[in-house]
Amino acid sequence: MANLIQNYANNIGQGISSVNNTTKKYYNNLTDSNSENLLTPLDGKGYLVENSLLTYPKELAKDTYYTAKSLQRGITGKANDHELGKLNDLGLKLGGLSIATYLMTRRQTPKQKAMEFIGFGAFLASMAIWPKVALQWPAQLVHGFNFRKQYVDEQGRKKYVTQDPNYIPFDLYKGKRKSEDLGHIADRMGIDKNEKDRNELAKEHIRKVSVQNNTLWMLTAGVATPVMTALACNRLEKPVGKFFEKLSDNKVNKLINKIENYNKSGDKKLEDELITTKMDNESGKKLDSLLKSKIGKSVTEKDIDAISDALTVGLDNQTRKAARLDLGYMLGQNQTVVNDDTVNMIFKTLTKKLDTKYGEGYTASIFDTKKIAEHVDNFMNQNGRPANGILSAEKSEELRLSLGELLEKATNENSSIRASRKEVISEMATDAVNAVFEGHKTAVLSDETAGYISKAGQTIRKYRAFDETISSAAHFKVEKAPETLAGNNWGEVTETLIKELNISPKELNEAKSSEELTAQLFTRKLENIAKNENSYKKFITNISKKMAKLDEKLDNVKSGNRPAMDTIIDSIVRNHDNTAAELNGITGTESKPFFNLSQRIAGENIDGVFVGSVKDAKLQRIKTARVGSIQNAYMRLLHTADFFRRAEEYKAGNGGFSGNAKLDKALIEKGKKLLMSSHSGDFYTKFETHNNSSFFKGLIWHTFLSGETSNATKSALGYESHEVFNGKTTMAQRVSKWAKQTGNLMGTTLNEFLPNHIEGKDIFPNAQKTAVEKFNKVACTPDNMLYNALKQKFNSNKWLRMWTTVGSIVLTGTLLSQLAFGKQDKTVQTSK
Amino acid sequence: MGIDTSNANTTIALTPKSAPCPPYPHVHIPPEHIPEETRILPNNPRTQAMRTFQKVTSAFTEYPVKGLKGDKKSTFYEFLTMGSVPYILGSATFMALFNAAPSWFPNFNKKGARVGGNKLALGVLLYGVAKSISKNFVTKPVKWATGIDTEMPYEKVSYTIPNSKDDTPVPMFEQHKVFESRDFPRYDKLYGLKEDKPRNYYYDKIAKKNGLGINLEASDAEVKPLIKDVISRSSTAKSLSTYVWGGVGVMLAAQNSWDKFFRALSKKSWKRFTPNPNENKIINIVDRGINTGKNLWRITKSFGRNFVSASKELYKGPATEKGFNKHAGKFALGFAAALSILGAANTIYGAKTAGDRKMVIDSDKKVTVD
């Protein structure tokens with residue numbers, strides 16, 4: 001037994017000794033590189049995440065799944081803190097998407113709508129990119145490790161290694177990769193190889209630099225993220241705009257092709273797509289139910305207004321007035337309502353007159369209300385008791401006369417009345433009957449009239465639906481609105497103009513203050529460019545190419561199909577003409593009851609020209625007011641440049657003006673100013689040359705009418721021909737045509753150029769010299785075009801410079817901070 | 001604070017100059033007595049204001065200084081608290097982005113740019129306000145229905161380890177919430193909440209309110225899983241709904257009604273005060289004050305009026321639009337409200353049905369030791 005105990009004690013002692021030895025060996029070998037023979041715990045499940053472009057999709061999918069699972073666990077009350085943190089990020093995105101979706105509904109164009117989402121995306125991207133680019137990568141470069149390295153812990157939670165400086169999982173740095181090897185990191189940090197505890201020094205360095213970088217991240221993100229977002233959006237706007245312009249243009253061109261096919265074939269399927277599905281059935285229902293409720297009943301003026309409003313929903317005021325006029329004729333008040341009220345009113349009117357004159361109760365003593373009522377009742381019975389007591393014009397006249405006779409008879413048969421008074425009373429009685437019958441006159445909506453109106457309603461709704469389809473295409477092509485082809489082209493041309501004029505920031509700053517300063521700058525720049533043939537040609541070529549793009553895009557020339565704008569114009573004409581014809585086709589007892597409306601839509605034919613119509617307004621809007629005024633401004637700019645070039649050529653001894661050097665100097669000086677800056681009003685005042693009509697004539701001749709174009713201009717403009725609405729016209733021909741037309745239109749020597757004025761022996765017709773035509777031809781002046789573009793440029797440059805500076809300062813400061821980070825505490829002494 | 005630092009060593013540096021290496025000897029002797037000053041605070045506006053003030057001022061001053069130095073005592077709490085810096089600076093930067101440049105724009109461009117900028121700046125403000133207020137749409141109903149105030153604040157006080165013998169320990173204050181962590185709620189702070197009540201008073205109350213029963217042997221053990229459930233569900237509801245409410249704030253600011261408010265806010269609308277030369281200085285100062293007050297009241301009224309009309313505008317949508325474009329405001333409001341209501345309802349449901357779920361611990365046995 002004693003032995004047994006002894007042995008047991010010995011064994012225990014040996015065991016303890018063995019453990020002690022192992023522990024001792026373990027600690028003694030802690031700094032040894034070879035620890036393979038030591039007892040080690042099992043490896044944990046945690047690991048460092050190696051992020052790269054290759055692993056990104058996998059990690060993204062994992063993260064998304066994790067967030068979805070977190071949501072499910074959050075709703076069921078099981079989510080842990082880490083999962084709840086993920087749900088916070090999800091909430092941020094949900095909120096951001098809500099904002100972008102709502103703001104999208106408030107934007108008009110696809111580009112603006114897309115920019116709301118792009119803005120939000122840029123914000124999220126900036127939040128992610130800033131710490132990576134401004135902190136993580138520079139820190140890695142300087143300090144040799146990634147302070148934003150992620151790890152997955154035992155519970156599968158992905159976190160940043162250094163987010164909590166007191167719990168950095170250094171045990172996961174197992175040296176599998178260089179980035180996970182503390183020894184390697186220590187090398188990169190420049191820690192002496194002879195340091196006995198390099199890893200500990202490296203860890204402390206990692207901790208310190210991480211705390212510093214995390215702090216700097218918090219301090220800079222607030223400024224950097226919004227600035228990056230805004231700058232990114234600013235830079236993205238242009239490419240996004242181009243992308244959506246292309247997208248919308250393709251869509252609109254497809255639509256125009258369909259319209260063209262429909263016009264040619266009348267295909268039912270296309271009709272459904274382009275017209276029927278777009279019809280406003282709601283207003284149709286409203287009109288028909290209104291008509292139904294009024295059929296066979298008397299209608300008041302208010303009722304006619306309501307019918308007119310329902311019939312003409314969505315049309316302009318003038319057209320609505322025309323429809324109201326037609327309805328007024330159709331629903332004329334030529335019938336009379338006869339009911340109990342008729343007799344009462346007659347008696348009341350008589351009583352008021354007679355009792356006032358002859359004393360109270362006088363009327364009752366002469367006339368018996370019952371007898372009058374009986375008479376009316378008998379009459380209505382004899383005429384088959386018409387519905388709602390409505391009598392035709394003839395019958396109501398019959399009744400009126402018979403009532404007059406009845407009252408006259410009652411007066412005459414009353415012996416108590418003096419003969420002279422009988423006459424007065426009879427007259428008063430007739431007056432009372434007439435007044436009441438006049439007051440009871442009414443219009444009645446017949447079945448036939450209701451049918452006309454309903455049919456017209458259907459025609460108008462069809463017209464509106466097709467018009468809407470055509471307008472949606474026309475709008476994108478030409479309208480004065482953001483992101484239209486015409487608007488974008490104007491932007492491109494003015495941008496090219498600024499670029500070609502080579503305007504410095506200083507000049508931009510000065511010129512943006514006033515149009516006058518812009519004109520001076522523009523003149524100076526253009527004179528310089530015009531001096532050199534090559535630079536002049538480059539200027540004209542680049543600008544005119546951009547201008548020509550408008551024609552190409554409007555007509556979709558590249559497709560090889562029929563010019564798109566021709567289809568639009570034809571369709572507008574067809575829709576209006578067909579509608580007018582359909583309205584005129586509604587006929588029955590009344591001939592062409594919608595004559596005024598149809599004429600308002602398609603126009604009154606005066607000498608073969610349909611004028612004053614909706615059709616004409618729509619055509620002129622597109623051709624003259626929109627495309628025309630833009631093209632006129634372009635032509636004016638090119639013509640102005642040509643004049644500058646011709647002036648230079650003249651100075652160099654080529655070409656010619658009047659031959660009188662002094663006069664030519666004045667002509668050139670004034671001509672430049674005229675072309676550069678003159679508005680309609682300046683033409684009206686003849687540029688203050690009233691007392692010198694021969695100079696004015698010379699000026700107009702040399703600036704507009706001479707037909708001269710510099711060879712440099714002609715060659716720079718090229719010989720490619722395509723002009724929207726006019727087909728095969730070269731740019732040079734167009735410039736020349738514009739100059740001639742404007743000269744003829746504006747260059748009169750008389751003061752008056754209002755419609756129908758006489759010049760010489762000729763009466764100038766209305767169409768050619770209206771104020772609007774004059775306005776369109778003079779168009780936007782070159783200096784005004786540049787001035788507006790410069791202001792825009794200045795604003796956007798100012799904004800961009802300001803925030804680029806702020807962004808650069810923050811970025812530079814952040815980058816330089818790395819050099820100050822990680823400095824060792826001088827009180828720390830290390831052992832070697 | 002009664003902390004004895006006489007035993008503290010002279011340095012806590014990585015390797016003390018005189019110390020052998022490695023391993024490091026544990027040179028610090030912790031203070032003998034650290035008073036427990038961590039305490040639950042009443043959840044009221046005063047506390048909230050105090051906490052916000054302390055967190056924000058620390059986030060802009062003390063913590064960045066420590067952090068930029070790479071201080072050994074920098075903590076995760078400080079890092080998290082500094083999260084308010086990008087939030088505040090970001091809001092200010094967004095406002096500046098929309099408003100700073102127009103001052104240099106040509107005259108005719110200034111006005112348009114400013115109106116747009118003002119609206120966007122207001123959007124940033126209303127985002128913050130709506131996000132902050134909307135938290136209550138979840139937390140208040142949850143508190144009324146379950147008795148658990150998920151926002152219950154507490155202040156944690158700790159003392160730094162002295163750097164040297166002569167160092168005075170500095171108390172560090174951290175503003176937390178008892179239920180901010182689902183993994184580690186501060187259950188310990190809920191024992192003995194009221195001196196004259198039983199130690200489990202709070203747990204008894206929550207158990208009773210949520211139908212777990214009364215006079216339970218171990219109400220704390222019963223209630224703790226329920227609390228975790230409430231934290232998880234309410235936090236989910238808050239995360240999802242408050243950002244959408246913040247979005248509603250931005251949408252509200254995008255309405256045209258605010259144009260009138262911006263006019264009321266403009267310099268031109270400010271009724272200037274002209275001192276009366278016949279009155280003495282004090283009366284003029286008082287009158288100036290009254291004038292300022294009147295102007296501020298006018299602006300406040302304008303804000304209120306336009307807030308109401310902007311809300312109506314958001315709800316009704318533009319008269320010219322149809323379908324989703326017209327009703328987008330309604331949808332957004334409905335979506336935000338639905339998230340809050342459903343989130344709160346889900347939390348309350350979770351608490352009320354907690355008793356039905358299988359319990360690991362037998363509720364009839366006492367498992368805690370006082």
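**Two chains, questioned**

Tutor: Buried residues make up 35% of the 832 residues in chain A. The model is predicted.

Student: What makes a residue count as buried?

Tutor: The cut-off is 20 or more other C-beta atoms within 10 Å of its own. In chain A, 35% of the residues are buried.

Student: How many helices and strands does chain A have?

Tutor: Chain A has 30 helices and 13 strands.

Student: Why is chain A called more spread out than a compact globule?

Tutor: Set the value against the rule. The radius of gyration of chain A is 46 Å, and the globule rule gives 28 Å for 832 residues. The value is well over the rule, so chain A is more spread out than a compact globule. The C-alpha trace spans about 165 × 110 × 60 Å along its principal axes.

Student: What share of the contacts in chain A join residues at least 24 apart?

Tutor: The share is 71%, taken among contacts between residues at least 6 apart in sequence.

Student: Why is Glu492(A) called partly exposed?

Tutor: Glu492(A) has 16 C-beta neighbours inside 10 Å. Buried needs 20 or more, and exposed needs 12 or fewer. The count lies in between, so Glu492(A) counts as partly exposed. Glu492(A) sits in helix H17 (residues 485-501) of chain A. Its C-alpha atom is separated by 27 Å from that of Gln741(A), 249 residues apart along the chain.

Student: Now the sheets. What makes E1(A) and E3(A) edge strands?

Tutor: Each pairs on one side only. The open sheet has three strands in the order E1-E2-E3 (chain A), with antiparallel pairing. Strand E1 (47-49) and strand E3 (158-160) are its edges. Neighbouring strands are turned by 35° against each other on average, direction ignored.

Student: How do you know that E2(A) and E3(A) pair?

Tutor: Pairing needs at least two bridges. Strand E2 (residues 150-152) of chain A and E3(A) have three bridges, in the antiparallel sense. Tyr151(A) has Lys159(A) in E3(A) as its bridge partner.

Student: Which strands are the edges of the sheet E4-E7-E5-E6?

Tutor: They are strand E4 (298-299) and strand E6 (390-391) of chain A, since each pairs on one side only. This sheet of four strands is open, and its pairing is antiparallel.

Student: What joins E4(A) to E7(A)?

Tutor: Two bridges do, and the strands run antiparallel. Strand E7 covers residues 441-444 of chain A. The cut-off is at least two bridges, so E4(A) and E7(A) pair. In E7(A), Val444(A) is the bridge partner of Ser298(A).

Student: Which residue takes a positive phi in the hairpin of E10(A) and E11(A)?

Tutor: Phe725(A) does, with phi near 75°. Three residues lie between the strands of this hairpin. Strand E10 (residues 721-723) and strand E11 (residues 727-730) of chain A pair in the antiparallel sense over two bridges. Glu723(A) stands opposite Gly727(A) in E11(A).

Student: Turn to chain B. How many bridges join E2(B) to E3(B)?

Tutor: Seven bridges join strand E2(B) to strand E3 (residues 171-177) of chain B, and the two run antiparallel. Among the paired residues, Glu155(B) has Gln175(B) in E3(B) as its bridge partner. Strand E1 (residues 39-40) of chain B pairs with strand E2 (residues 153-159) of chain B over two bridges, in the antiparallel sense. There Ile40(B) has Tyr154(B) in E2(B) as its partner.

Student: Why are H9(B) and H10(B) called roughly antiparallel?

Tutor: The angle between helix H9 (residues 258-265) and helix H10 (residues 281-316) of chain B is about 170°. Roughly antiparallel means over 145 degrees. H9(B) and H10(B) are therefore roughly antiparallel to each other. Their axes are 8 Å apart. The contact includes Trp258(B) and Phe261(B) of H9(B), and Ile299(B) and Phe303(B) of H10(B). By class, the contact has seven nonpolar, two polar and two charged residues.

Student: How many residues of chain A are in contact with chain B?

Tutor: 58 residues of chain A are in contact with 58 residues of chain B. Helices H2 (56-75), H3 (81-105), H6 (198-265) and H30 (782-820) of chain A each give two or more residues to the side that touches chain B. H6(A) gives the largest share, 17 residues. The side of chain A that touches chain B has 25 nonpolar, 21 polar and twelve charged residues.

Notes:
Residues numbered from 1 in each chain as written. Chains lettered and ligands numbered in written order. Predicted model: local features only at pLDDT ≥ 70, side-chain atom pairs only at ≥ 80, totals over all residues. Rg over C-alpha atoms; globule rule 2.2 N^0.38 Å. Contact = placed C-beta atoms within 7 Å. Axes fitted to C-alpha atoms, helices over the stretch in contact; angles between N-to-C directions. Parallel < 35°, antiparallel > 145°, perpendicular 65-115°, else oblique. Nonpolar A, V, L, I, M, F, W, Y, C, P; charged D, E, K, R; others polar.
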